[in-house]
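Me: I am new to this one and would like the reasons behind a few labels. Please set each value against its cut-off.

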Amino acid sequence: MALPKVCVIGAGSSGITVIKSLKEHGIPFDCYEKGSDVGGNWRYKNDNGLSNIYKSLHINTHRDRMEYRDFPMPTNYPDYPNHEPIQQYFLSYVDHFGLRKHIQFKNGVKHAERTEDGLWKITPEKGPTQIYDVLVVANGHHWSERWPDPPFPGKFSGQTIHSHSYVDPKTPVNCEGKNVVILGMGNSAMDISVELSRPGVAKKVFLSARRGAYVIPNYLFGKPLDKLTEYTPHWVPFFIQQTFAHLLIRFGVGKMEDFGLPKPDHKFGSAHPTISQDLLVRLGRGDIKPKPVITELRGKKIAFADGTEEEADVLIYCTGYNIKFPFFDEDFLSAPNNYIPLYYKMMKPGINNLFFVGLMQPLGAIMPLAECQGKWIAQYLTGNYVLPSKEEMESSILKDEKAMKKRYVSSTRHTIQVDYDSFLYEMKKEMERGKKKAMKEGNHLPIEARAMYHSGSRNVSPSRKQKQLVSK
């Protein structure tokens, strides 16, 4: 029996690990990528028209926590490399597993539509419409700029950009010798503030915070901070982990308000932390001046909640991103306020041939989680995993949402929040449960291979490898 034909949208860090698993299991697929190479957000000067990173970007998760489990990063990589070796790592991954020839570069997906009979009608930017049995969405969620809503009253006469556009101190606007106000407390805000506050770059740098946040360093006690916590057993209750982490930050880093930042209105672990080795030092030196939230734009001046105002030439909004699926009709699927209820951030109950990969915000790196999701999809499509019922999936989603709302600050940033280690553990646990159920039921294929019978579709007959894999 033939395996279903899969369409994968995106060849970023999530898309390439999915197609690696599909290829290993002999599942026919096409991967569409808007850019001319792989890497997504980690590809500097990506020509896909969506992804963009700043020149000085480094990973803020230790390389051991970021690497794919099936393809370790080179041991000569530093603990926190910049984007160049990370992009090279993705290139090596694709070449090592022979994936490049399966990717259609410079050819994104214009429209994806689920037909009445449950197949997927995919219209690429180039070439004819194709029919697929399964759709995997790996288009990323760090490309559609989110701006303050509602916007601040007044008008700013200087130059305004979103952090997504920032490349270096001169691009896309010249910040050298200028007064710059940066709004945000996420990692981009920290990195850009630190870079512009270096001697000889910006004249003055103001960091405006809408709310308090915990800023944690890459290293603590001479060790990478995320390596200190990776061996915590998954069964340790969160409140114990939270208490320990809070004490670690309190005595190892200090109080945020001692550096002029607003006091966080939540406990550590109840919001996504910000990682910066340099920010607190720059604040302590006076190189970066902390400010509360912006209240009004007054031409060349910007007013803040403490009643002060500052002259500014450049305003940089580090205000996050919207989750978007430009190839779907909005009445079919969208994510208002970044809310999209999915089973394990991957499956929409009631649609058994649609999967999302990498659509999460972990306390850690996405790559190993996306790798696990790719393996999960491959196991499912080859009949080696059985999904729970629609009702069970919906119940699980509600339970997860309730737990997340209880723990995390209400924010669009936390709608897809997951805890790296526990999420990975729970995914593997569910895969094992579904595997046992599949064996008990005879390993039947859940998705019939029908796309091959439509005109224009390839893979009209199953390969020997497909037959062997299905028969196991």
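Me: What makes Cys175 count as buried or exposed?
Reply: This is a predicted model. Cys175 has a relative accessible area of 0%. Buried means under 20%, so Cys175 is buried.

Me: How do you know whether Cys175 is in a bond with the closest cysteine sulfur?
Reply: The closest cysteine sulfur to that of Cys175 belongs to Cys318, 11 Å away. A disulfide needs two cysteine sulfur atoms within 2.5 Å, so 11 Å is too far for a bond.

Me: Where is the cysteine sulfur nearest to Cys372?
Reply: That sulfur is in Cys31, at 19 Å, and Cys372 is in no disulfide. A search of the whole structure likewise finds zero disulfides.

Me: Why is Cys372 called buried?
Reply: The relative accessible area of Cys372 is 6%. The cut-off for buried is under 20%, so Cys372 is buried.

Me: How many of the residues of the protein count as buried?
Reply: Of its 472 residues, 54% do. The protein exposes about 21,600 Å², and carbon and sulfur atoms supply 52% of that area.

Me: How many helices and strands does the protein have?
Reply: The protein has 11 helices and 25 strands.

Me: Why is the protein called as compact as a globular protein of that length?
Reply: The radius of gyration is 23 Å, and the globule rule gives 23 Å for 472 residues; the two are close, so the protein is as compact as a globular protein of that length. The C-alpha atoms fill a box of roughly 70 × 50 × 45 Å along the principal axes.

How values were computed: Residues numbered from 1 in each chain as written. Predicted model: local features only at pLDDT ≥ 70, side-chain atom pairs only at ≥ 80, totals over all residues. Heavy atoms only, no water. Helix = DSSP H or I, 4+ residues; strand = E, 2+ residues; numbered from the N terminus. Rg over C-alpha atoms; globule rule 2.2 N^0.38 Å. Buried < 20%, exposed > 50% of the residue type's maximum accessible area, 1.4 Å probe, protein only. Areas by Shrake-Rupley, 256 points an atom, 1.4 Å probe, with all protein chains shown as cover.
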